[in-house]
Each structure stands twice: as structure tokens, then as C-alpha cells.
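Student: I have a protein model open and do not know where to start. Can you show me how to read it?

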Amino acid sequence: MSYRPESDLVNQRPAWAALLADYEGLRGTALRELFATDPTRVERLTFDACGIVADLSKHRITPETISDLVALAEQSGLRAHIDAMFAGEHINTSEDRAVLHVALRAPTDEVITTDGVNVVPEVHEVLDRMSSFATAIRSGTWRGHTGRTISAVVNIGIGGSDLGPVMAYEALRFYSDRSLTMRFVSNVDSTDFVEATHDLDPESTLFIISSKTFTTLETMTNAHSARQWLLDSIGDDAAVARHFVAVSTNAEEVARFGIDTDNMFGFWDWVGGRYSMDSAIGLSTMIAIGPDNFREMLRGFHDMDEHFRTTPFDRNLPVLMGLLAVWYRNFFECQTMAVLPYSQYLKRFPAYLQQLTMESNGKHVTLEGADVEVDTGAVYWGEPGTNGQHSFYQLLHQGTTMVPVDFIGFAQTNNPLGDHHDILMSNVFAQAQALAFGRTAAEIEAEGVPASVVPHKVMPGNRPSTVLLSQLLTPYRLGTLVALYEHSVFTQGAIWGIDSFDQWGVELGKKLAQAIIPELTSSAEPTLSHDASTNSLINRYRAMKHR
């Protein structure tokens, strides 16, 4: 295919050897020294994309490192990968599918084709139907079976059908209709459903069942419990059509459930679950914030898409962030990366990124199915600041493991209150400063600290971080932030030569669970044929269950 690099082995490309030399020169060099010897460092390593200012100066790199990383991207065929994605080529090779989440936010006059079909008109047809439905719910013209208006919306999904909608709702709650209660159910643990619905009135509750196939075990188990919850109160099967809608492509199963297929919102096999929050999967988001704000979010996505598609790599923020991820994973051997948003609204953003990054790039073979030659897919984690400062920042500052950090902050807050925001943002700048430069023993001794305590207070510094600063968290800004990380993930996958768009690793456990379920639910003693440990656990569970 046209997007393949000249060499399939990333560590055999010329730029890899140059980067090894860069690493050898930098691993013993302190950020203090890099700043002291280059007065233009901050200016040269600060970038802007779609209103996001990214300070990369506190990374253990030089401008020459950036040049070598860009060379690696070029030798890895990143440009061809990008062009292939936007052209609708089947870059998801193991599933023989196009990867066109960028089409979900394309303007109406744009042409994006796959298999000879321009998909943009189909996308906007679904968006228009979503807009009409969301408006009907928000205006009260859509009513439940007994004539009551809808006051609560419960999204039932799992994975990308849950993480994206939950994150977006929390992130944009400031813009939401506060007369609507929004709930999200994903876990097959019955507690999730019971707690989400315990204070809701069935007559004024709408369920959105998000499952492409309408067969996902966890989602459909929760969906059938929701159906029974409704019917236990209303008692008329006809009520299902007024209290349930579907985000799915399986019209037959949707109709069998009792949902009117006119209220089924589809999407396509070229949309991966973790890239679907701006598709019909985002119906709950649109209901909460309104169609106009949802389209503003799509505009943010699209602007970052265009930045990624058209900007030279040495100024391309998603590319640079992806290359830095490769730099730390493969040369400094960092196993984790932290994303720390200094916004309470973004409290679910790290959890959302966990699926985006780890499901995409947690791969052990190349596009050709050969073992990868280098490590891939770091573990992503994080919490909103300043909460994390009283939790895991101790390890970030003085632990023996280096963890690169992304700080996300905003110049303005949606909720001005005294000095709160200035105090919040002072911590962004201070934490990045402390990670980079630390405190030496001499500096601590100069403060009169007892000699016995000095070693305990030394802060090694030299811990890398990015600060992403923008004006205000808005629907547009959320779109740019999500797309920034989507394309960073894409960049990493292209460098490593892996398929960032399949997820076969989630299948085996689910398949094995299907075989175990009847062994747990059967009243008769089952004949078990698993390994000794699994057999023992099943027997112990059955005994404890009936105790």
C-alpha cells in the first residue's frame, strides 16, 4: 500500500541512529544546563495550534532532537500515512477498513471518499437527524408514553460508547441544559444500573442504547434491565418506543427490542469505538449541550484535523507530541505518561485518553504481523489538578521512575470565584518548574535546613513536561484537545508500524467469559475443563454464591 515506509523496522531507519546519538548526549544533561546555554530555547520550542499554546521547552531535547525526530517521521512514511487516512484507504489492515473519524467533523462541502463513496453527505444526514431529535427532547416536544416531558437521559454503552459521552458531558457541563439529568451506565455490574436509575422517574426517562451490533453483552444486559425497569412501572410494551432510542446499525435487533427504527441513529464500520464521540455515539452530548454547541465542538475537531493534515512536521503539534511520546518510550524507556488537566470539568479526560492511547497502540506486531522490534504503547494515567498534587506528585518529583507529564490549563475559567483560578494556574506553572529544575542540596542547605534532612528535600528535577495553555474550555476547545491526542496516537502508530485501529486484545477475555457464564448460572454442577486455577475459582464462587 502507498503509506508503507521504505523499511518496516523502525530501529533500522537512519534517523534512529541519530536519535540514539542524541540520547547519549542528553541523558546526562540537565534541563538547567539546556536553558542556561540557549537563551532562545523557549521561543524555539513553543508552538501554537488552533489556539493551543504548547511549551515544549521543558523536555529533554534540543532543536536538533526535533529535527531528528521529524526525520524519523519522514522516513517512517508519516506523510503518506496521513494522506492515506484522509483519502479513505483501508489503513486498518487487520480488519480491512478505512479509518475516517475525520469525516465525522468535515464541513458539508468537503469530499472524503472511501470505496468510491463520498461519506460526508451521509455524516451530515445523521447529524441533522440527531439535531432534530435533540431539539425535540430539549424543547419538550418529544414526550414519553404517558405524555410527560423527558427530564432524564441515560446513555447505556461501554468502551467508546461510554467513555467519550461521559467525558464530553463532564467537560462541557457548563454549557449543558441543567433541567436535564444526564446519567451513564456501562458496567455490567448491576450496581451501575441501579445507582444510575434509583432516583429517576420512568415516565420521564429516555434511554439511549449505544451498540453498533446491538449484541454487545454488557450493553444489552443493561438495556434489557432498563426495559424491564420501565415496564415494571408503566406496564405497556408500547412505552418502549417512546423511552428508548438506539445508536446502532442492526435495524432487525433494534426493532425486536421494541425501538422504532426511525429513532435509530447509525454510524459506519470506518468509525472505531474510541474515535466515535463525535458520531451518533455523541447523541447524549448533543442533547445535553444542544446542536449548536455540538457543531462548535466538531469545528474544533476539524480545525485540528486540518492543522495535522497540512502543517509541516516541525511545527505540527500532534506530530511533535507523538514524536516526543516515541522519544521517551523508546530511548528513555518510560513506561507511563501522565496527563494532568487543571480543570475540574476535565476530570474524565485522562480516563478517556487511556482507551484512546492504550487500545490504539498497545500492540505487539507490525502491520505485516511480525513482532515489533521496539516497545510500543505507554500506560497513560492522570487526575485533575490540584487533587493529584496531594496524591501521586511525590513520585513524579522524587521517585526513581521518570514520568513525562502533560499539563493542561486555561487562562480563564467558566466559573470565576475570587482568586481560585489564579491559585489553580499558579500550580500548573510551579509544578512544571519544579519538575524541570528541582532543588539542589546546596540550595536547600542555604536555607538553613539541617544536614540530616537535606537529602530528603533534594528534588532531582530533569523531569520532562508539556504545558498546553489555551483561553477557555469551550465546545470548540474540547474538540481541538481530543483531536490533538487522536493524531498524536496516530503519529506514534505510524512510527512503530503498527495498526492503531484494531483491538483484538479485548476479544479473548470476552470469548472465554461467554463459556464461563453458564457454568456460574447453572443449577446443576458443571463439568469444568479450564485450567486448574480457573476451575478452582469457579467452584469456590459457586459455593460462596449459594452459601
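Tutor: We will take the cores, then the pockets, then the salt bridges. Keep in mind that this is a predicted model.

Student: Which residues have the most contacts inside the largest nonpolar core?

Tutor: Start with the general idea. In soluble globular proteins, nonpolar side chains tend to be buried together. Here the largest nonpolar core has 125 residues. Those with the most contacts inside it are Leu206, Trp270, Ile287, Trp327, Phe349 and Leu478. Helix α20 (residues 475-496) gives the most to this core, 11 residues.

Student: What does Phe349 touch, leaving aside residues up to four places away in sequence?

Tutor: Phe349 touches Met167, Val339, Ile408, Leu481, Val482 and Tyr485. There is also a second, separate core, with 25 residues. Phe207, Val240, Phe244 and Met264 are included in that second core.

Student: Now the pockets. What volume does the largest pocket have?

Tutor: Its volume is about 990 Å³. The lining has 39 residues, and the closest to the pocket centre are Thr216, Gly273, Glu359, Gln503 and Lys510. Helix α7 gives the largest share of the lining, 4 residues.

Student: How many lining residues of the largest pocket fall in each class?

Tutor: Count 12 nonpolar, 17 polar and 10 charged residues. Then turn to the second largest pocket, with a volume of about 420 Å³. Of its 21 lining residues, Gln344, Thr413, His420, His421 and Leu424 are the closest to the centre. Its lining has 9 nonpolar, 11 polar and 1 charged residues.

Student: How many salt bridges are there?

Tutor: The count comes to 25. For each pair, ask how far apart the partners sit along the chain. Asp128 and Arg295 form one salt bridge, with their closest N and O atoms 3.1 Å apart. Asp128 is in helix α6 and Arg295 in helix α13, 167 residues apart, so the pair links distant parts of the chain.

Student: Is Arg329, which pairs with Asp375 in a salt bridge, buried or exposed?

Tutor: Use the cut-off: buried means under 20% relative accessible area. Arg329 has 12%, so Arg329 is buried. Asp375 has 43%, so Asp375 counts as partly exposed. Their N to O distance is 3.8 Å.

Student: Which residues do shared partners join into one network?

Tutor: Salt bridges that share partners join Arg105, Asp278, Asp305 and Glu486.

Methods
Residues are numbered from 1 along each chain as its sequence is written. This is a predicted model: local features need pLDDT of at least 70, side-chain atom pairs count only at pLDDT 80 or more; totals for chains, interfaces and linings use all residues. Side-chain values use heavy atoms; hydrogens and water are left out. A nonpolar core is a set of buried Ala, Val, Leu, Ile, Met, Phe, Trp, Tyr and Cys residues joined through side-chain atoms within 4.5 Å. Buried means under 20% relative accessible area, exposed over 50%, partly exposed in between (1.4 Å probe, protein chains only). Helices (H or I, at least four residues) and strands (E, at least two) are DSSP runs, numbered from the N terminus. Contact means heavy atoms within 4.5 Å. On a 1 Å grid over the protein atoms alone, a cavity is a set of points where a 1.4 Å probe fits but cannot get out, and a pocket is an open set with protein on both sides within 12 Å along at least five of seven lines; lining residues have an atom within 4 Å of a point. Grid points are joined across faces, edges and corners, and a volume is the space filled by probe spheres set on the points. Ala, Val, Leu, Ile, Met, Phe, Trp, Tyr, Cys and Pro count as nonpolar, Asp, Glu, Lys and Arg as charged, and the others, Gly among them, as polar. A salt bridge is a side-chain nitrogen of Lys or Arg within 4 Å of a carboxyl oxygen of Asp or Glu.
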